[in-house]
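Colleague: I'm new to this one and would rather get to know a single part properly than skim the whole thing. Please pick one spot and take me round it slowly.

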Amino acid sequence: MNWGCLSCLILFPVGFFIWVKNEVQRRNALPPNELKELEDEERYGKIDDDLECIFCHSKQCVRAEKKIYYRGGPDKNSLDGLLFYSANQKKYSEIREDVFLAAHCTKCGNTWEMHPPEDES
Ligand SMILES: [Zn+2]
């Protein structure tokens, strides 16, 4: 084994470890409201200014994320989706996809799903 190869083997996990450590430190350094903001964004997506909450009718506080489901099946971007796809691969032309917008209101805390505005089917 040469040194280049060895240093690669050592540097990769060390680099990853440093990245994780920095990320944890960055999060710990954030004020609680900004940390919540960051976590909400990862969970529910970005705030969509045009969307209005169907519960409290507030604007500029609704986060939205596109979700794709196989028709009559699971979320496309999940492990279940992958299994569903491989199980039905032969008749893939028959697999239809449904697109939903998963919305979450940061004001009243409600979550709902809807068809995206451009999808008229
Ligand atoms: Zn609301």
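Modeller: Helices and strands here are DSSP runs numbered from the N terminus, a helix being H or I over at least four residues and a strand being E over at least two. Keep in mind that this is a predicted model, where local features need pLDDT of at least 70 and side-chain atom pairs count only at pLDDT 80 or more, while totals for chains, interfaces and linings use all residues. Residues are numbered from 1 along each chain as its sequence is written, and side-chain values use heavy atoms, with hydrogens and water left out.

Let's look at the zinc site. The ion is held by the SG atoms of four cysteines, C53, C56, C105 and C108, at 2.2 to 2.3 Å; a donor is an N, O or S atom within 2.8 Å of the metal (3.2 Å for Na, K and Ca). Seen from the zinc ion, the four donor atoms subtend angles of 104 to 115°, so the arrangement is tetrahedral (for four donors, all angles between 85 and 135 degrees).

Now trace those cysteines along the chain. Their spacing reads C-x2-C-x48-C-x2-C. C53 sits in the loop between α2 (32-44) and β1 (62-70), and C108 in the loop between β2 (97-105) and β3 (111-114), so this pair ties together parts that are 55 residues apart in sequence. How buried or exposed are these two? C53 is buried, at 1% relative accessible area, while C108 is partly exposed, at 33%. The cut-offs are under 20% for buried and over 50% for exposed, with partly exposed in between (1.4 Å probe, protein chains only).

Let's stay in the loop that holds C53. Just after α2, G45 has a positive phi of about 90°. Further along, H57 belongs to this loop between α2 and β1, and its phi is positive too, near 60°, though H57 is a residue other than glycine. Q60 is found in the loop between α2 and β1 as well; again not a glycine, Q60 has a positive phi of about 60°. Both side by side: H57 is exposed at 53% relative accessible area, and Q60 counts as exposed at 54%.

Next, swing over to C105, another of the zinc donors. Leaving aside neighbours within four places in sequence, C105 is in contact with C53, C56, C61, V62, N110 and W112, where contact means heavy atoms within 4.5 Å. C53 and C56 in that list are zinc donors too.

C105 and C53 also belong to the largest nonpolar core, whose nine residues are L51, C53, C61, V62, A64, L101, A103, C105 and W112. Such a core is a set of buried Ala, Val, Leu, Ile, Met, Phe, Trp, Tyr and Cys residues joined through side-chain atoms within 4.5 Å. Two elements, β1 and β2, each give it two or more residues, and β2 gives the most, with three.

One last stop on β2: D98 lies in this strand. D98 is buried, with a relative accessible area of 17%. Not counting residues up to four places away in sequence, D98 touches K67, I68, Y69 and R71. So that's the tour: a tetrahedral zinc site, with C53 and C105 being both zinc donors and members of the largest nonpolar core.

Note on methods
Tetrahedral: all angles 85-135°; square planar, octahedral: opposite > 155°, others 65-115°.
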